[in-house]
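Hi,

Here's the structure I promised to send over. Have a look at it first, and then read on for what turned up.

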Amino acid sequence: FHRYRIQSDRKVAVCSVHPSEQATLQCLGCVKAKIPVAKSYHCSPKCFSDAWQHHRVLHDHAASSVNENGNEEEEIFGRFNSTGSGVVNATLTGSASSASLTNGSTSLYPAAVTQRSGGETWFEVGRSKTYTPSADDIGHVLKFECVVVDMETKLPVGHPNTILTSRVIPAPSPIPRRLIPVSGTDMMGQLDSDGRISSSGTFTVLSYNILSDTYASSELYSYCPSWALSWPYRRQNLLREIVGYRADIVCLQEVQNDHFEEFFAPELDKHGYQALYKRKTNEVYGGNIHTIDGCATFFRRDRFSHVKKYEVEFNKAAQSLTEVAVQTTQKKAALNRLVKDNVALIVVLEAKFSNQGADNPGKRQLLCVANTHVNVPPELKDVKIWQVHTLLKGLEKIAASADIPMLVCGDFNSVPGSAPHLLLAMGKVDPLHPELLVDPLAILRPHSKLTHQLPLVSAYSPFARGVGLGLEHQRRKMDITTNEPLFTNCTRDFIGTLDYIFYTADSLTVEALLELLDEDSLRKDTALPSPEWSSDHIALLAEFRFQTRPRR
């Protein structure tokens with residue numbers, strides 16, 4: 001195998017908005033602000049003008065990332081792709097800058113082999129089946145050459161086969177999302193040995209629907225370039241994003257069974273995470289069992305240890321319900337309505353870090369984390385409410401058996417103010433709520449039973465009521481009538497909030513939140529997924545502190 005980078009004698013830079021187009025102008029403001037140079041190129045004045053609303057945010061972030069002392073502010077997911085961000089530098093058209101062939105950090109071969117042909121130079125960049133393009137490759141065509149070799153004589157057999165790529169484009173580089181303190185004091189904490197933000201007694205939790213490859217069809221997301229919608233691209237982009245957040249606990253939804261086993265579990269293991277998974281049941285889905293998605297929960301081994309796991313299968317709960325609450329003649333129809341293959345994964349963890357000032361320093365600090373995806377058709381409002389209520393009743397049983405803080409994370413496919421959301425956030429649903437009218441099986445009656453005793457609060461609610469530096473900007477991204485973000489899901493057909501992190505307010509406090517995206521953070525006329533963001537949902541992340549006062 002031989003891989004070459006074909007460099008033309010004339011300088012080539014590519015457009016940051018339309019990476020398949022050659023750049024014709026550069027924003028000198030980006031250069032002055034030391035923004036990665038690849039983001040400064042545009043293919044036409046119209047391209048630059050159309051992208052200005054998005055592009056201006058780059059300048060604003062560059063200015064705000066320097067605090068009063070002139071030091072750069074720590075950003076979460078700010079440097080996740082720094083090694084492959086597509087910085088076009090002086091080596092773009094020059095000769096090979098290194099004396100040896102490298103791909104990554106390992107030196108592969110001696111001096112680079114060069115060939116000259118008609119104003120082009122071919123630099124040999126690798127001799128393996130796989131090759132990861134580097135910043136030096138941006139704007140250039142790569143050539144892959146494969147030839148059969150006789151094992152005994154080491155001589156080629158026949159003619160080589162070659163493939164030419166299109167020009168290498170810069171890796172999309174999303175605007176960094178910062179962790180915003182909400183407790184009224186500077187709780188940003190310190191950087192620990194591996195670069196994570198840590199504060200004594202605090203921990204971070206990420207919840208993210210990553211968009212299963214099964215659902216990521218070009219028909220549904222026709223606005224996303226096919227290369228950016230492909231799983232080989234999206235999985236790497238998602239991994240970089242997830243690892244970049246450096247969360248202590250990670251709750252993912254829509255994780256395919258094969259992708260969990262073959263990619264996410266082994267890759268996150270390299271970063272110190274232990275993995276737990278619950279695949280959806282497959283009574284409804286008739287495809288390949290390996291591509292059925294589910295919920296995956298990861299936690300850092302150096303921060304938590306695994307105590308117990310509970311698996312909730314709503315199909316089994318539906319079968320139990322129909323046995324006792326549905327007439328025999330309606331059982332089949334009831335199961336057809338209730339059985340939707342959804343699951344929840346509940347994990348009990350024990351913290352390995354101390355909570356300074358705790359009243360009982362010798363007591364085990366447990367934490368219960370629920371991760372679910374309530375994927376129910378919009379018209380089946382009764383089923384959605386019933387599944388959320390079933391999950392909460394299960395969590396109540398766990399809470400009754402142990403004095404344990406709780407987190408409820410996931411994609412509930414329920415907008416703020418809907419009956420499932422109110423049940424979670426308020427502990428009850430108004431009997432006159434219009435969604436309760438959809439109840440053909442009478443599974444929601446009496447309406448007075450739609451309650452729970454868990455003191456759950458939405459983690460992002462502090463942004464809605466926050467006042468002070470940084471919080472006012474976040475408040476504009478919130479719906480102050482529901483205390484929830486304006487959106488966590490953004491496609492061409494829908495924009496709204498479906499994802500939440502709830503916590504028990506009598507045992508946990510929110511210290512900081514990952515800033516929300518807004519329309520300025522997304523390119524003009526762009527929906528998700530996109531080359532920058534590889535899911536149609538956005539990630540939510542919160543930093544919590546265990547409360548030190550005794551619980552009531």
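How much area does the protein expose, and what share of it do carbon and sulfur atoms supply? The exposed area is about 25700 Å², and 53% of that comes from carbon and sulfur atoms. Keep in mind that this is a predicted model.

Some overall numbers: there are 12 helices and 28 strands. Of the 552 residues, 51% count as buried. If you take contacts between residues at least 6 apart in sequence, 75% of them join residues at least 24 apart.

Now the sheet I spent my time on. It is open and mixed in its pairing, with 7 strands in the order E10-E27-E28-E13-E14-E16-E15. The edges are strand E10 (179-181) and strand E15 (273-279); each has a single partner strand, so one side of each is left without a neighbour in the sheet. From one strand to the next, the twist averages 25°. At the E10 edge, the pairing with strand E27 (residues 508-514) is antiparallel and runs over 3 bridges. One residue to click on there is Pro181, whose bridge partner in E27 is Ala512.

Two helices go with this sheet. Helix H5 lies across E27, strand E28 (540-546), strand E13 (202-209) and strand E14 (249-256), and runs at about 160° to E13. Helix H6 packs on the sheet too, touching E14, E15 and strand E16 (293-300), with its direction at about 165° to that of E15.

H5 (residues 231-245) and H6 (residues 257-269) also meet each other: their axes come within 11 Å and cross at roughly 35°, and the crossing is right-handed. On the H5 side the contact is made by Trp231, Arg235, Gln236, Leu239, Ile242 and Val243, while H6 brings His259, Phe263, Phe264, Glu267 and Leu268. By class that gives 7 nonpolar, 2 polar and 2 charged residues.

One last spot, in a loop. Ile443 sits between helix H10 (419-426) and strand E21 (456-458). Is Ile443 buried or exposed? Its relative accessible area is 5%, and because the cut-off for buried is under 20%, Ile443 counts as buried. Leaving out residues up to four places away in sequence, Ile443 touches Leu321, Leu338, Asp382, Trp386 and Lys449. Take Asp382: it is 61 residues from Ile443 in sequence, yet the C-alpha atoms of the two are 7.6 Å apart.

That's what I have so far. Shout if anything is unclear.

Cheers

Notes. Residues numbered from 1 in each chain as written. Predicted model: local features only at pLDDT ≥ 70, side-chain atom pairs only at ≥ 80, totals over all residues. Heavy atoms only, no water. Axes fitted to C-alpha atoms, helices over the stretch in contact; angles between N-to-C directions. Helix = DSSP H or I, 4+ residues; strand = E, 2+ residues; numbered from the N terminus. Left-handed = near helix turned anticlockwise from the far one by under 90°. Contact = heavy atoms within 4.5 Å. Nonpolar A, V, L, I, M, F, W, Y, C, P; charged D, E, K, R; others polar. Buried < 20%, exposed > 50% of the residue type's maximum accessible area, 1.4 Å probe, protein only. Areas by Shrake-Rupley, 256 points an atom, 1.4 Å probe, with all protein chains shown as cover. Pairing = 2+ DSSP bridges.
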